[in-house]
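Student: Could you take me through one part of this protein in some detail? I would like a close look at its largest nonpolar core and at what surrounds that core.

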Amino acid sequence: MERSASHGAGRPTSRRRLLKGAALAAVPYALLPAVPAGARPKVVDQPSADWLGANPSNFTASDRPASHPLDLVVIHVTQATYPNTLGIFQNPRKHVSAHYVVRSVDGHIAQCVREHDIAWHAGNWPYNTRSIGIEHEGWVDRPGYFTNSLYEESARLTAAICTRHGIPKDRAHIIGHYEVPGTDHTDPGPNWDWTRYMRLVDFA
């Protein structure tokens, strides 16, 4: 997730700083920022997702995979609540986004950026251009946020993304944010159960 929309130039904005900058107190889901009806696409890429679009200032419009090949899914943890994360993505001053956000309590999925567009989630422009970013509500040091529902719905989402774009369903192509070159992030962290997650992806 970087400041520059077109070239990824300039000093990268710290995703941790951006997300921690939001109020971390729980906010009722009914108070989610409103999305203008005209901004809603006719369809979402993932049928189980609701559209809660990021501000256009926070991603790069594109035509993937024609413009850039897609071969990665990047797994993130928000370090903020689900509604606060969506609010950050809808704030044009934040210059940060992900394609999807998965809610902890029930695995509900919000799509924030279309898969053919480039979300600013990895802090590495080449990796942004080739990947789909999935944020998961929670904190790396609070494993209670990684519920059965979150794992199951996220794994279904990742499996569907891989199928849509011909991405192999393995750990070379489904990676954590900490595996992106140049990052200072640790998410999804040591409490993320990769063995369980990849098994769920395989069986989805």
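Tutor: Happy to! The largest nonpolar core has 26 residues, and those that touch the most other members are I75, Y100, I134, I161, I174, W192 and Y197. A nonpolar core here is a set of buried Ala, Val, Leu, Ile, Met, Phe, Trp, Tyr and Cys residues joined through side-chain atoms within 4.5 Å; buried means under 20% relative accessible area, exposed over 50%, and partly exposed in between, with a 1.4 Å probe and protein chains only. At least two residues of this core come from each of β3, β4, β7, α4 (148-165) and α5 (194-203). The biggest contribution is that of α4, with 7 residues.

A word on the source: this is a predicted model, in which local features need pLDDT of at least 70 and side-chain atom pairs count only at pLDDT 80 or more, while totals for chains, interfaces and linings use all residues. Residues are numbered from 1 along each chain as its sequence is written, and side-chain values use heavy atoms, with hydrogens and water left out.

Now to strand β7 (residues 131-136), where 6 of 6 residues are buried. Helices (H or I, at least four residues) and strands (E, at least two) are DSSP runs, numbered from the N terminus. In a regular strand, side chains alternate between the two faces of the sheet. In β7, S131, G133 and E135 point one way and I132, I134 and H136 the other, and all are buried.

Two strands pair with β7, where pairing requires at least two bridges found by DSSP. Strand β3 (residues 72-77) runs parallel to β7 over 6 bridges, with I75 opposite I134. Strand β4 (residues 100-102) is also paired with β7 in the parallel sense, over 3 bridges, and there Y100 has I134 as its bridge partner.

Next, W192: leaving aside residues up to four places away in sequence, W192 touches I75, H136, F146, L150, Y151 and Y197, a contact being heavy atoms within 4.5 Å. There is also a second, separate core of 14 residues, among them I88, F89, A98 and A119.

To set this in the whole protein, there are 5 helices and 8 strands, in the order α-β-β-β-α-β-β-β-α-β-α-β-α. Buried residues account for 52% of the 204 residues. Of contacts between residues at least 6 apart in sequence, 76% join residues at least 24 apart.
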